[in-house]
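User: Please take a close look at one part of this model, the open sheet, and describe the strand order, the cis peptide bonds beside the strands and the loops that lead into them.

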Amino acid sequence: MTSGRSFYITTPIYYPSDVPHIGHGYTTVAADTLARWHRQAGDDTWMLTGTDEHGQKMLRAAAANGVTPQEWVDKLVTESWFPLLETLDVANDDFIRTTQPRHEERVQQFVQAIYDRGYIYAGEYEALYCVGCEEFKPESEIVDGTGPFEGLKVCAIHSKPLELLHEKNYFFKLSEFQDALLDLYETTDFVRPESARNEVVAFVRQGLKDLSISRSAFDWGIQVPWDQTHVIYVWVDALLNYVTAIGYGPSAGSGGGGGEFERWWPAHHIVGKDILRFHAVIWPAMLMAAGLEVPRGVFAHGWLLVGGEKMSKSKLTGIAPTEITDVFGSDAYRFYFLSAIAFGQDGSFSWEDLSARYQAELANGFGNLASRTTAMVERYFEGIVPPPAAYEDRDLAIQRTVADAAAAADAAIEKFRIDEAIAAVWTIVDALNLYITENEPWALAKDPAQRARLGTVLYTAAEGLRALAVLLSPVMPIATEKLWVALGAAESLGRLVDQPIREAGAWGALRPGTSVNGLAPLFPRVEQPA
């Protein structure tokens, strides 16, 4: 499936003001799965995630806990955000923190560059500001408060009172890029899915206002390079992580950076739909102002809903990923959220649905297929993969199923539809389970005259498992590695690229004579959480 070019994928950088919930995990494992898929296919791949550590909210939280802002973010990142990656088996290539010198220096360089190009000016601003969103709120996101906040204007997202701020700030000429942005949306698939694109187009067609890009009421941020009484607006600071992490610098090359920047940029961004406008409107406009290429695309996934509400600590719907992984494991977490929810749409989480899918699809479906195939090779052929004899139509049908599933999965990944890719691969699981049931290798084993046929059936099942290990490894890296080892592989699955599945004549890469090792249940029985 290799495209022959680099594949640079990012998560949003997360605001580490509280512990991660399953919504953060959802975004992260989606990006990781896409990165693993492209890496395995042979693409030059880089995955970035990180944390957004400046801003007024972080300053206030640190003060409330009696520590400096840097001490506070260090604690949060070390105790909560680094462990999230380990919990979910995320293989990111870099982790950017906006308090790192490499980021702060390059942010100043970028802002200075667009200032020098005439896209920043000084002015005054008065508007209602949400500290939780770190954003001056548009009218569409301002509502009347109720209960203890009656008579106040509150944020439609956080349901917390807004603050009226009047400051002398610096402004970015966002309004000058309206036509260029509309042309970008209308001539490319820059924003996906289509529902997200339509929302962005409608927003921009209403008219864009220039953007306040500095704050002067506090100092926890990156200083504006030509005016040290101001810090750069936290969202401008945050968006720039995508280029600072790979070496952006105006003097380092004609494209805006050195070798690493030229190698990786432009990126694909995975974001939640609540921060779509920042990434699909402000961010490409900033890049246009700097004379840089816009990202390859922005994909906005939907919200995870619990009890019909978006994940939120303030509304007590937040669930820590470890609450799931401690019971079901990281592979089940990854599989469930990436397969049960159409990527790009909202999806509901429930323990009942997770438990049912774990049992039916992972334990009884994929896991049982792997266990009984390897067990029969051990029982009937002393653990040695048998050679296939002449293939019959039903054997060739499995080969076509594998080839078709791989092609369909690749096509789905190109559209960022991870759920559709998994569904395509799962046709192999279903086909192999039916194949074993219909061919009854346990019955064939009782008839010495059927020895060759038995070998063909078990070779077909084992080679099908090899294909499944490869195709599902971006989604479930732990279970597939165990299966890979059980199939006698000498090298780790995670280090292999271009495994023969997709090419013509790819069937048969599992060599007859390979020793099959014992395989413990990939998805053991679990107790239903209380």
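Analyst: The following account treats the open sheet and its adjoining loops.

The model is predicted. Its open sheet has 6 strands in the order β3-β2-β1-β14-β15-β9, and the pairing is parallel. At the edges lie β3 (94-97) and β9 (191-192), each of which pairs on one side only. Within the sheet, β1 (residues 6-10) runs parallel to β14 (residues 268-272), and the two strands are paired over 2 bridges. Ile9 has His268 of β14 as its bridge partner.

The loop that precedes β14 deserves attention. Pro266 is located between α9 (259-264) and β14, and the peptide bond that leads from Trp265 to Pro266 is cis, with omega near 5 degrees. A further cis peptide bond is found beside the edge strand β9: Arg192 is joined to Pro193 with omega of about -5 degrees. Pro193 belongs to the loop between β9 and α6 (194-205).

The other edge strand, β3, is reached through a loop from α3 (69-87), and this loop contains Asp89. Asp89 is not a glycine, yet its phi is positive, at about 55 degrees. Most residues other than glycine have a negative phi, and most peptide bonds are trans. With a relative accessibility of 22%, Asp89 counts as partly exposed, because buried means under 20% relative accessible area.

Notes
Residues numbered from 1 in each chain as written. Predicted model: local features only at pLDDT ≥ 70, side-chain atom pairs only at ≥ 80, totals over all residues. Heavy atoms only, no water. Pairing = 2+ DSSP bridges. Helix = DSSP H or I, 4+ residues; strand = E, 2+ residues; numbered from the N terminus. Buried < 20%, exposed > 50% of the residue type's maximum accessible area, 1.4 Å probe, protein only.
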